[in-house]
Structure formats: structure tokens, C-alpha cells
Amino acid sequence: MKSVDDFGMQGDKPSHPELLDYLAVDFQENGWDLKRLTRQIVLSQVYRQSSAEVAGYLAADPSAKLLWRKPPLRLEAETIRDSMLQVSGLLNGKMYGPQEPIKRGADGQWLEDESKGDPNRRSLYLTQSRTRPVAFLHAFDAPTMTADNQTQRFRSALPTQSLALLNGPFVRRVSQAFANQLWEQSKGDTADALHRAFLAAYSRPPSARELAIGQQAIATETDPKEGLRLFLQAILGANDFLYSY
Amino acid sequence: MKPFLSRRQALQEAALGFGGLALSSLVAVGAEPTSYTLRPKRPHFPAKAKNVIFLYVGGGPSTIDMFDPKPLLRKYDGKPAPFEIKGRALNGSQEVMASPWDFTRCGKSGREISNLLPHFQKVVDKVSFVRSMQTDRIDHSTAQFTFVTGRGFTGFPTLGSWVNYALGTENENLPGFVALGEGASIGSRAHSSAWLPPVYTGTAMRADAKAPIYDIKRPDDMSGVQQQRLLSVVNQLNREQKGHHPLDQDLEARIANYELAARMQLEALRVADLSSESQATKDLYGLDEKVSGPYSKLCLMARRLVESGVRFVQIYGGGGGNWDTHSNIAGQLPGLCQYIDRGTAALLTDLEQRGMLKDTLVVWSGEFGRLPTIESRNAAPGRDHNPYGFNMWMAGAGVKQGFDYGLTDELGYAAVPEFRVGHADIHATIQQLLGIDHQKNTFFYEGRNESLVGVTPARVLNEILL
């Protein structure tokens with residue numbers, strides 16, 4: 001169902017009505033168990049497809065309505081922030097408790113106040129305020145709760161997002177922590193650091209060309225550690241990190 | 001397929017995302033875009049206005065003390081009103097209060113403008129007043145929502161977002177809808193696109209040459225060369241990725257966005273840098289004036305933004321609830337008027353001198369006006385909210401000069417019924433000037449083709465148009 005906020009007469013029709021029926025009946029017959037339903041879906045072959053392009057299929061069904069592949073999707077704002085904290089080793093896994101404080105940054109934007117409270121927790125725990133949206137999350141389409149019930153996130157691609165990834169204080173802080181961690185783990189061996197970086201950020205080793213891009217980027221800076229930091233910022237700002245495939 | 005979906009689908013198929021020009025060949029594949037675009041679109045009919053500067057004075061400016069003198073207020077000053085004045089059941093009274101200020105007959109149009117607005121007095125011939133405004137909301141936030149979104153509650157797209165959705169913008173190196181200043185008590189919701197795609201959200205900019213947009217400035221500890229390298233590495237990584245997904249236009253849009261962001265850094269900082277203006281312009285606006293300078297800077301920046309191709313600029317003037325003169329109006333209003341007066345007048349003069357006023361619509365309004373009676377007799381007297389009758393003005397592209405539409409009763413309390421103008425009429429009129437049919441500018445949301453005006457009856461105010 002594309003129109004998740006409208007299952008009525010004016011909504012879209014389901015693309016696979018029999019499948020929807022099967023899942024609905026199976027869900028009821030198994031005690032309305034949401035966890036079971038989720039597992040059933042994510043373990044299915046159709047859900048686990050890759051996003052590889054097949055020109056002919058793409059021409060016939062560009063948005064993969066018929067589920068021939070998993071279309072690439074930009075991650076949601078919170079997931080981007082949380083993933084950046086995770087790969088850089090900063091993520092604080094503490095659960096529950098009150099919201100974490102936010103503050104105004106040098107240029108007026110709202111951001112996490114990491115000097116107070118428990119910093120670097122999942123975005124879920126950041127203060128939510130209609131008039132004080134955290135700029136980084138807002139740039140990536142996190143709602144400001146102005147629309148009372150936003151059923152679907154927009155996934156825009158805007159230059160303001162690129163600005164946040166280029167100049168924003170959050171990405172800078174994260175890439176610095178990421179660099180420190182890798183530098184320590186690899187004991188200054190840049191090939192090893194790059195290998196670890198790709199595994200952490202993209203869940204795969206680098207290709208020979210990507211490794212060469214990394215080596216070149218590090219070598220261009222007079223301080224190789226700063227070179228690594230810049231390269232890591234690039235890794236976190238590239239499509240492979242921002243999209244799920 | 002349902003026929004009423006066709007427009008939305010047509011728009012989606014026309015939408016290529018930022019930097020989409022390079023992608024036209026990919027769209028032929030028929031991919032359904034996931035992003036919307038700010039690329040210029042054709043209006044529904046020939047437009048008289050290309051751009052809008054909306055001077056939005058939140059808090060409820062007392063227009064009977066500013067532009068709309070009522071001789072009867074003098075006659076009944078300190079006495080009960082000759083007819084019942086219904087306000088909110090708070091501290092309301094029936095005791096009339098004359099305007100504490102004198103008015104001067106100005107310009108060829110001979111309209112009387114309060115001496116609190118000496119600069120505006122000189123440019124009053126350029127504007128057309130709507131003197132019979134009425135709104136259905138009596139509290140600030142609901143009335144503010146009504147004035148910018150057409151509905152009296154949160155969660156609807158604002159005027160600027162609808163305009164950008166319909167028309168796009170001329171300069172992709174800048175946002176299409178810019179919100180200046182922080183005077184709206186409803187915060188960023190005063191320029192939100194709500195459920196319209198975020199590309200149409202107003203970008204908050206400040207009259208700060210160093211940081212006009214969040215993250216616009218390269219960090220001090222990153223050199224320009226380093227940033228260029230960073231951009232180049234991101235680009236290389238993206239190209240690698242693109243090799244695996246050659247047909248994906250969203251990825252292409254993001255690649256283009258980095259280049260745009262880099263250009264935007266220069267463009268936004270250039271627009272926000274007022275130092276390049278001539279001395280004559282600086283003097284016209286009085287940028288260094290203590291009281292009026294900050295607002296003048298916003299006005300000058302609005303002109304620079306429009307000049308650079310930004311479609312819609314909204315200025316929030318007056319510092320939040322300050323215009324909310326419940327008490328001590330005699331003490332408060334002069335400073336508030338001084339704050340906006342010079343910048344507002346300079347903006348009109350400047351636009352005209354540059355030949356931009358013929359393409360730029362300037363709109364001035366608050367969310368409501370104030371009552372002719374005293375709110376509280378104990379404190380220094382003030383006036384309570386008046387949604388029943390107030391003034392707003394428009395000037396520039398396609399609008400008559402020195403024209404008045406409508407009137408309120410002799411006390412300035414309520415709009416005369418046959419001339420009543422509501423927010424929906426203003427929204428229809430602004431869209432009309434931009435070449436947008438307010439009934440056709442719709443977006444499919446929650447099972448309906450929603451529009452700015454919605455189901456509220458709306459009439460284009462042809463009387464004030466050229």
C-alpha cells in the first residue's frame with residue numbers, strides 16, 4: 001500500500017492484495033504477534049533482495065511496485081545521526097530516562113548540548129520541541145511535529161543537507177572521534193585504518209579504487225591524521241552511507 | 001487510475017530533483033522520482049508579480065493608531081462607545097480611547113498616516129490599503145496560523161511554500177523561500193511546508209553576514225583548499241557508488257547537491273553581505289540607526305534576495321509579542337513603529353528606484369488589529385485584540401497605487417460587511433498576481449486535493465489590482 005495514511009476509497013490499491021490478505025490472516029491466527037510478523041517479513045526472500053538495477057525491469061517498473069528489487073532509500077534523519085555515532089564509536093547505548101538537552105550553536109542552530117546530560121545517545125532521546133528543531137535532524141526531513149500525524153517521511157535531497165555534511169558541527173565532531181578511534185586501532189597504518197573505516201561505515205571492505213582514493217586523500221594532507229579525518233567525513237557524507245541498498 | 005491524481009503524477013514526473021537538467025535522459029526510463037524540485041515552472045496564466053516580500057508583523061499591530069484615523073474616537077474619548085464593542089471577555093471595557101497620536105495628510109492620495117510613521121508618510125502613495133480586513137481567530141497563534149497557512153491551527157503549509165510548490169525559483173543557488181527575522185511566536189511553523197515536500201520549506205536566514213544560514217560557513221579550522229578536497233573525495237566516492245547504480249537519479253541529485261552547496265556558500269554569504277551596497281543605499285535604510293537598523297537590514301537583505309532570484313521572502317517584524325499592546329500603548333507603540341518605519345519605507349523606495357517594484361509584490365499585515373476601546377483602566381491603557389476590523393496593505397507588482405479598498409465602521413471596530421476581506425481572499429489575490437489559480441494549486445494529501453485556501457470561500461480582490 002503506497003497510501004499508508006489512507007486505506008479507504010481514495011487511497012491507492014494494494015499492489016499484492018493476495019499477499020496482504022495472507023499476511024493479515026496469518027497475523028490474526030498467530031495471536032496478533034507484531035514481532036512474529038516483522039520477523040516473517042524481514043526474513044522473506046522478497047524483503048532480502050538487493051537493490052541492483054536491471055535496466056529492463058527498471059524501465060517496466062521503476063519504483064519496484066511489483067517488488068522485483070529493493071529500491072535504494074535514503075536513511076531517515078535519526079538513523080543517519082545514530083549510525084554516525086555508532087560507526088565512530090561514540091554511541092551511548094543507554095536506554096530510558098528523560099530527554100537529553102539541546103543548545104544553540106554558534107550560528108544559531110539547535111544541536112545536542114553534549115556538555116550536559118548523557119551525550120551521544122540515540123536521537124530518540126534528544127529534546128523534541130516544535131519551535132526548536134535540532135538542525136541536523138531537521139535538514140534530513142525529521143518532522144518538527146507541526147503536522148500532527150505525519151504518516152510518511154519525505155526523503156528529500158537538498159543542498160542544505162550537503163551543507164550540514166560539509167560544515168556542520170555534528171559531522172565534524174563525529175569524524176574526529178572516528179579518526180581518533182581508527183588511528184589508535186591501526187597504529188597509524190593507513191591501509192589498515194581505511195579497511196576498518198569501510199567495514200565500519202559501509203559493512204564491506206573497500207575496493208582497490210576506493211582504497212586508492214583514501215590513500216591519496218590522506219597523502220595530500222600534511223598531517224595524515226587530519227587527512228584520515230577528512231576522508232572519514234567524506235565517507236559519512238557519501239551516498240553509500242546515507243542510503244540503504 | 002483515479003483521474004484527480006493525474007496532476008500530482010504529472011508534477012512528480014516533471015520533478016527531477018536538484019541538478020535535474022543533467023538527468024533528463026534518465027527520466028526517459030520512467031523512474032518515479034522521490035524528490036521534488038525548485039526548478040521554475042510555468043504559472044497558470046501570465047503573472048504580474050515575479051516575487052513576493054511579505055512583511056509580517058506578528059502580535060496585532062494597532063492599525064487604527066497607524067493608518068486609519070477615526071474622528072469619532074476623539075468625540076467619544078473616555079466615554080462609552082455608541083454601540084457595543086465585543087472583544088474577548090478578559091479586561092475589555094466599553095470606554096473609547098482616542099489615538100494618542102496626530103495624523104498627517106500625506107501624498108497625492110491624501111491619506112492620513114500617523115506621525116509615528118514619518119518615513120512611511122513619504123511613500124504612502126505607493127501602497128493600496130485593504131481597510132476592511134477580518135479574521136475568524138482572536139488569539140495570536142491561531143490567527144497567525146490562519147494568516148500564513150489559511151487554517152487556524154498547526155500543521156498546514158505556509159503561503160511561501162505553496163508559491164514555491166507552484167512556481168519554483170529562479171536561482172537554484174539559494175532557497176526559493178526565505179524567512180527572515182524571528183518575530184513570529186509560532187516559530188518555524190510560520191514558514192513550514194508541513195506536508196508539502198520539504199524542498200518548499202522556508203529556509204530561515206538572518207541578517208548576519210557571517211552566518212546567514214545554518215552550516216553555510218566553512219569551519220574556521222578547515223581551509224578552502226581542504227574543503228575543495230573534501231568535496232572532491234565525496235564526489236569520487238559517489239561516482240564509485242554511481243557505477244553500481246547508474247540509473248539512480250536520487251544519487252545523481254545528491255552529487256549535484258554538493259556542488260550546489262558549495263556555490264550556495266558563496267551566494268548566501270554574498271547576499272548577506274550588505275557592505276557592498278552604496279553609501280546612498282545604506283543611508284536610505286539607515287542601517288546604523290539604533291532602533292530601526294536591525295529591521296532595515298532585514299528589508300535590505302530581502303531586496304538583495306529577490307534581486308538574486310529568490311521567489312518569496314517573509315520578514316517577521318516587531319520582535320514577537322511586542323506589538324501586543326494590551327497596556328501602555330502610548331509608551332510602547334512609538335518604539336515599535338520606529339523599529340519598522342524606516343526599513344519599510346526604504347524598501348519601497350529602493351525597489352522602485354531599481355525598477356524592481358513592478359515585478360515585486362510587497363505585502364504588509366499583522367494577524368489582526370486592536371480595539372478602539374481601552375482594555376484595562378487600572379494600568380496604563382492599552383487595546384485588546386481586534387479580529388473584526390483592521391488594515392493591511394499591498395504595493396508593487398500589479399497593485400494599484402494609492403488606492404483604498406473597504407472600510408470599517410466609524411470607530412474602526414468592525415469591517416463593513418459588504419467589504420469584508422478575509423485571509424483566504426488575500427491568499428487568492430497574492431496567488432493571482434503570481435499567475436497561480438488558487439483553486440488549481442493543489443497537493444494530494446490524506447485523500448484530498450488540498451490547497452492553501454481549502455474550502456474557505458475566496459475571492460480575488462480585483463478592485464485593488466491594475
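Author: Buried means under 20% relative accessible area, exposed over 50%, and partly exposed in between. The model discussed here is predicted.

Reader: Is Q216(A) buried or exposed?

Author: Q216(A) is found in helix α9 of chain A. The cut-off for an exposed residue is over 50%. Because its relative accessibility is 55%, Q216(A) counts as exposed.

Reader: How far apart in space are Q216(A) and D107(A), C-alpha to C-alpha?

Author: Q216(A) belongs to α9 of chain A. In sequence, Q216(A) and D107(A) are 109 residues apart. Their C-alpha atoms are separated in space by 33 Å.

Reader: What percentage of the residues in chain A is buried?

Author: Chain A holds 11 helices and 4 strands, and its C-alpha atoms fill a box of roughly 60 × 45 × 35 Å along the principal axes. Its accessible surface is about 12,400 Å², with 56% belonging to carbon and sulfur atoms. Of the 245 residues in chain A, the buried share is 44%.

Reader: What percentage of the residues of chain B counts as buried?

Author: Chain B has 12 helices and 14 strands. It exposes about 17,000 Å², and carbon and sulfur atoms supply 52% of that area. Of its 466 residues, the share that counts as buried is 63%.

Reader: In chain B, among contacts between residues at least 6 apart in sequence, what percentage joins residues at least 24 apart?

Author: For chain A, among contacts between residues at least 6 apart in sequence, 55% join residues at least 24 apart. For chain B, with the contacts chosen by a separation of at least 6, the share joining residues at least 24 apart is 76%.

Reader: How far apart are the mean positions of the positive and negative charges of chain A?

Author: Chain A carries 29 positive and 29 negative charges. The mean position of the positive charges and that of the negative charges are separated by 3 Å.

Reader: What span does helix α7 of chain B reach from its first C-alpha to its last?

Author: Helix α7 of chain B covers residues 224–244, which is 21 residues. At 1.5 Å a residue, the expected span is 30 Å. The helix comes close to that value, reaching 31 Å.

Reader: Which helix of chain B is among the elements that cover the buried residues of α7(B)?

Author: The buried residues of α7(B) include L230(B), L231(B), V233(B), V234(B) and L237(B). Polar and charged residues are also buried there, among them Q226(B), N238(B), E240(B) and K242(B). The cover includes α6, α8, α9, α10 and α11 of chain A. From chain B, it includes α8 (249–272).

Reader: How many of the residues of α6(A) are buried?

Author: Helix α6 (159–167) of chain A is included in the cover of α7(B). Its own buried residues include P159(A), Q161(A), L163(A) and N167(A). The helix is mostly covered, and of its 9 residues the number buried is 8.

Reader: The side chain of Y214(B) reaches the backbone oxygen of which residue?

Author: Y214(B) lies in the loop between β6 and α7 of chain B and is partly exposed, with a relative accessible area of 29%. Leaving aside neighbours within four places in sequence, its contacts include R104(A), D107(A), A135(A) and L163(A). At 3.4 Å, its side chain reaches the backbone oxygen of G108(A).

Reader: Near what value is phi of D215(B)?

Author: D215(B) lies in the loop between β6 (203–205) and α7 of chain B. Because its relative accessibility is 8%, D215(B) counts as buried. Its phi is positive although the residue is not glycine, with a value near 60°.

Reader: Near what value is phi of N120(A)?

Author: N120(A) sits in the loop between β3 (110–112) and α5 (135–139) of chain A. Its relative accessible area is 9%, so N120(A) is buried. As a residue other than glycine with positive phi, N120(A) has a value near 65°.

Reader: What distance separates the C-alpha atoms of V134(A) and Q10(A)?

Author: V134(A) is in the loop between β3 and α5 of chain A and is buried, with a relative accessible area of 10%. Beyond its neighbours within four places in sequence, its contacts include I102(A), W110(A) and L126(A). Q10(A) is 124 residues away along the chain, and the C-alpha separation is 35 Å.

Reader: The side chain of D384(B) is joined by a polar contact to the side chain of which residue?

Author: D384(B) lies in the loop between β9 (369–370) and β10 (385–386) of chain B. It counts as buried because its relative accessibility is 2%. A polar contact of 3.4 Å joins its side chain to that of H326(B).

Key
Residues numbered from 1 in each chain as written. Chains lettered and ligands numbered in written order. Predicted model: local features only at pLDDT ≥ 70, side-chain atom pairs only at ≥ 80, totals over all residues. Heavy atoms only, no water. Helix = DSSP H or I, 4+ residues; strand = E, 2+ residues; numbered from the N terminus. Buried < 20%, exposed > 50% of the residue type's maximum accessible area, 1.4 Å probe, protein only. Contact = heavy atoms within 4.5 Å. Areas by Shrake-Rupley, 256 points an atom, 1.4 Å probe, with all protein chains shown as cover. Lys, Arg positive; Asp, Glu negative; His and termini not counted. Charge placed at Lys NZ, Arg CZ, Asp CG, Glu CD. Expected span 1.5 Å × (residues − 1). Polar contact = N/O pair within 3.5 Å; in protein donor to acceptor, adjacent residues only side chain to side chain.
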